[in-house]
Amino acid sequence: KSIEGKNKNVNVIIDTDTAMTVSWMKDIDDDLAVLFSLAHHRSETDDFTIKAIVSTFGNADSSTTFKGLQNLADLSGLVDLDNIEIAQGGDRGNSLDIVTDGSLLIRKILDESIDPITVICIGSMHNLAAAIVQQPELQFKVGKAILLGGSDGFGSKMIHEFADLNFKSDPIALNTVMSASFPKVVIPIQLCLQAPVTKEIVTKLQECDGSMVSSYSTRL
């Protein structure tokens with residue numbers, strides 16, 4: 001909200017690698033981001049509307065992250081209650097010209113929207129890149145792309161040796177998005193490191209009986 005400004009209605013597509021169902025890791029930041037975004041979508045401020053959520057690869061392959069997204073949908077009712085469309089996007093190694101349900105959904109939302117759409121990529125940039133490669137004129141319907149990523153390192157080795165997972169998962173897609181005509185806002189990984197989820201925070205969330213986050217935390 002602070003990025004977009006106050007009292008401005010923002011229509012968004014969220015592109016994410018939800019990892020709730022990945023048994024070998026508990027990387028839950030994407031899942032929590034979706035839940036908090038949904039809470040804002042449902043709030044009375046009426047300035048933030050989620051149009052679609054698409055799964056991408058990163059924390060796991062696309063089919064696994066889509067299962068995570070489906071779990072979130074079942075938990076929160078975002079499809080049934082909010083009529084938010086979800087779709088599985090491309091997988092690691094896919095060419096950007098391969099059409100998937102995810103790229104098709106992004107193209108559909110952009111094509112049908114009168115107002116600009118903000119695309120929030122908190123996983124790899126593959127699906128957004130695929131959509132604009134497959135239908136280049138739609139890049140002019142993107143009001144802004146907000147990208148979570150950057151470098152884990154410093155100095156000359158930042159990009160090539162220490163790029164974070166979101167950026168290094170698909171360098172071609174990253175270059176495609178960065179070269180597109182729409183404005184980009186990059187949220188660096190260093191900013192995320194300033195917002196750790198501590199045990200105390202988890203305890204407080206679990207004590208909020210009936211909330212989506214409380215229900216979610218019991219599954220971890």
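Let's start with a pair of side chains: Glu85 and Lys108 form a salt bridge, and their closest N and O atoms sit 2.9 Å apart. This one links distant parts of the chain, since Glu85 belongs to strand E3 and Lys108 to helix H3, 23 residues apart. Keep in mind that we're looking at a predicted model.

Lys108 also meets Glu112 in a salt bridge, at 3.7 Å from N to O. Here the partners are four residues apart in helix H3, so about one helical turn separates them. Put together, Glu85, Lys108 and Glu112 make up a network of salt bridges.

How many salt bridges are there by this rule? The count comes to three, and here they are:

| Salt bridge | Closest N to O |
|---|---|
| Arg42 with Asp82 | 2.6 Å |
| Glu85 with Lys108 | 2.9 Å |
| Glu112 with Lys108 | 3.7 Å |

Arg42 is in helix H1 (residues 29-42), while Asp82 is in the loop between helix H2 (62-76) and strand E3 (85-88), so this pair ties together parts 40 residues apart in sequence. Is Asp82 buried or exposed? With 18% relative accessibility, Asp82 counts as buried, whereas Arg42, at 34%, is partly exposed. As for the network, Glu112 is exposed at 55%, and Glu85 is partly exposed at 32%.

Helix H3 (residues 101-112) has a helix partner too: its axis and that of helix H4 (residues 126-134) come within 8 Å and cross at roughly 65°. H3 and H4 are therefore roughly perpendicular. On the H3 side, the contact is made by Ser103, Ile106 and Arg107; H4 brings Asn127, Leu128, Ala130, Ala131 and Gln134. Those contact residues split into four nonpolar, three polar and one charged.

Terms used:
Residues are numbered from 1 along each chain as its sequence is written. This is a predicted model: local features need pLDDT of at least 70, side-chain atom pairs count only at pLDDT 80 or more; totals for chains, interfaces and linings use all residues. Side-chain values use heavy atoms; hydrogens and water are left out. Axes are lines fitted to C-alpha atoms, for helices over the stretch in contact, and angles run from 0 to 180 degrees between N-to-C directions. Helices (H or I, at least four residues) and strands (E, at least two) are DSSP runs, numbered from the N terminus. Angles under 35 degrees count as roughly parallel, over 145 as roughly antiparallel, 65 to 115 as roughly perpendicular and the rest as oblique. Contact means heavy atoms within 4.5 Å. Ala, Val, Leu, Ile, Met, Phe, Trp, Tyr, Cys and Pro count as nonpolar, Asp, Glu, Lys and Arg as charged, and the others, Gly among them, as polar. A salt bridge is a side-chain nitrogen of Lys or Arg within 4 Å of a carboxyl oxygen of Asp or Glu. Buried means under 20% relative accessible area, exposed over 50%, partly exposed in between (1.4 Å probe, protein chains only).
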